[in-house]
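Please look over the structure below before reading my notes, and keep it open beside you as you go through the points.

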Amino acid sequence: MSNSADSPRTGSTGSTPDPGHDSSSVSSAAPDAVPPLAPPPGRRGGFGGFRPVRLLTVGVFALAGLLFFTSFTTAKGTNIRTDASLLKLSDLIQERSQKNGELDEANGALRDDVESLAEADDGSTQAQDDKLAGLEKSAGTQKVKGRAVTVTLNDAPPNATAKLPGYPEPQPDYLVIHQQDLQAVVNALWQGGAQGIKVMDQRLISTSAVRCVGNTLILQGRVYSPPYKIQAVGDPEKMQQALADSPAIQNYMVYVNVYGLGWKVTEDGTVTLPGYSGTVDLHYAKPVE
């Protein structure tokens, strides 16, 4: 866009040649006259001798400098365009999860050593030993052997669509395994008379909490990703019937049939579930004094 102050001029008022006159007559009338020079472009008008375009340019550079300074202050020397910090956090979680697994195995080995030493120097009666063994079995700290079933749950494909008419297209929330899904399976297996349950590679006890954060499972200090496997020892027929009778699982099966969530139940024959090897200390909140 042009500005009137920038329009080219060839002279001041009264010095512009008249297009109606012959140019030769002008030159002959004043052969030695020199037409006055036009002022430099952009030096006419207000704004203290600056054009509006120059003021706008200065403003843009000032705003850019402010943005650079704000970005530098926010970043504090780090690269805010990458997700390196998130990757480091993910790596830290995986590292701690692996470390917790190693500590659980070491704790289990030490517990076996303690039990062996206790049996070698035991002043209790056989009745007391039997009672203790029964309590340990109920607590889940001892191995349990028997016929088993395994339930596998998995997320739906990311490009899943509604397979049946009358159902809406899936939201991202429809396509992932949730905490209540895992809890529904565990509760149904207990209801079906399970003698012991293992989620992934860990035995459940009375204080175990099946919790999900995002699309990951956090169980007893360790992190797992789908597919999730839940294995239970007991009567396979009763446990499968309890799974079929659970209202929560019936609701889950709707998403299985419509959106493709993973669901698989298999009989494993005779298996041995490991005993719980983690700490049994209770941790609870305390009032501030």
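The numbered points below deal with the origin of the model, its strands, its cores and one pair of helices.

1. This is a predicted model, in which local features need pLDDT of at least 70 and side-chain atom pairs count only at pLDDT 80 or more, while totals for chains, interfaces and linings use all residues. Residues are numbered from 1 along each chain as its sequence is written, and side-chain values use heavy atoms, with hydrogens and water left out.

2. A word on terms may help: helices (H or I, at least four residues) and strands (E, at least two) are DSSP runs numbered from the N terminus, and two strands pair if DSSP finds at least two bridges between them. Strands of a sheet pair through backbone hydrogen bonds, either parallel or antiparallel.

3. Three strands form an open sheet with antiparallel pairing, in the order β4-β5-β6. Because β4 (211-213) and β6 (222-224) stand at the edges with a single partner strand each, one side of each is left without a neighbour in the sheet. From one strand to the next the twist averages 35°, where angles run from 0 to 180 degrees between N-to-C directions and axes are lines fitted to C-alpha atoms, for helices over the stretch in contact. β4 and β5 (residues 216-219) run antiparallel and are joined by three bridges, and Val213 has Thr216 in β5 as its bridge partner.

4. Strand β1 runs antiparallel to β8 (residues 262-273), to which eleven bridges join it, with Glu267 in β8 as the bridge partner of Val149. Six bridges also join β1 to β7, again antiparallel; here Thr150 stands opposite Gln231, and Thr152 has Lys229 as its bridge partner. β7 pairs with β2 as well, in the antiparallel sense over four bridges, and Gln231 in β7 is the bridge partner of Lys198.

5. How much of β1 is buried (under 20% relative accessible area, with exposed over 50% and partly exposed in between, using a 1.4 Å probe and protein chains only)? Eight of the eleven residues of β1 are buried, and the strand is mostly covered. As for β7, five of its six residues are buried, so this strand is largely enclosed by the rest of the structure.

6. The largest nonpolar core (a set of buried Ala, Val, Leu, Ile, Met, Phe, Trp, Tyr and Cys residues joined through side-chain atoms within 4.5 Å) has 34 residues, of which Leu182, Leu189, Ile197, Leu217 and Ile230 touch the most other members. Among the elements that each supply at least two residues are β1 (144-154), β2 (196-199), β7 (228-233) and α7 (247-259), while α5 gives the most, with six residues. A second, separate core of five residues includes Val144, Ala148, Val233 and Val271.

7. Helices α5 and α6 pack at an angle of about 135°, with their axes 8 Å apart. The two helices are therefore oblique to each other, a word used for angles that are neither under 35 degrees (roughly parallel), nor over 145 (roughly antiparallel), nor 65 to 115 (roughly perpendicular). The contact (heavy atoms within 4.5 Å) is made by Val185, Ala188, Leu189 and Gln191 of α5 and by Met239, Ala242 and Leu243 of α6.
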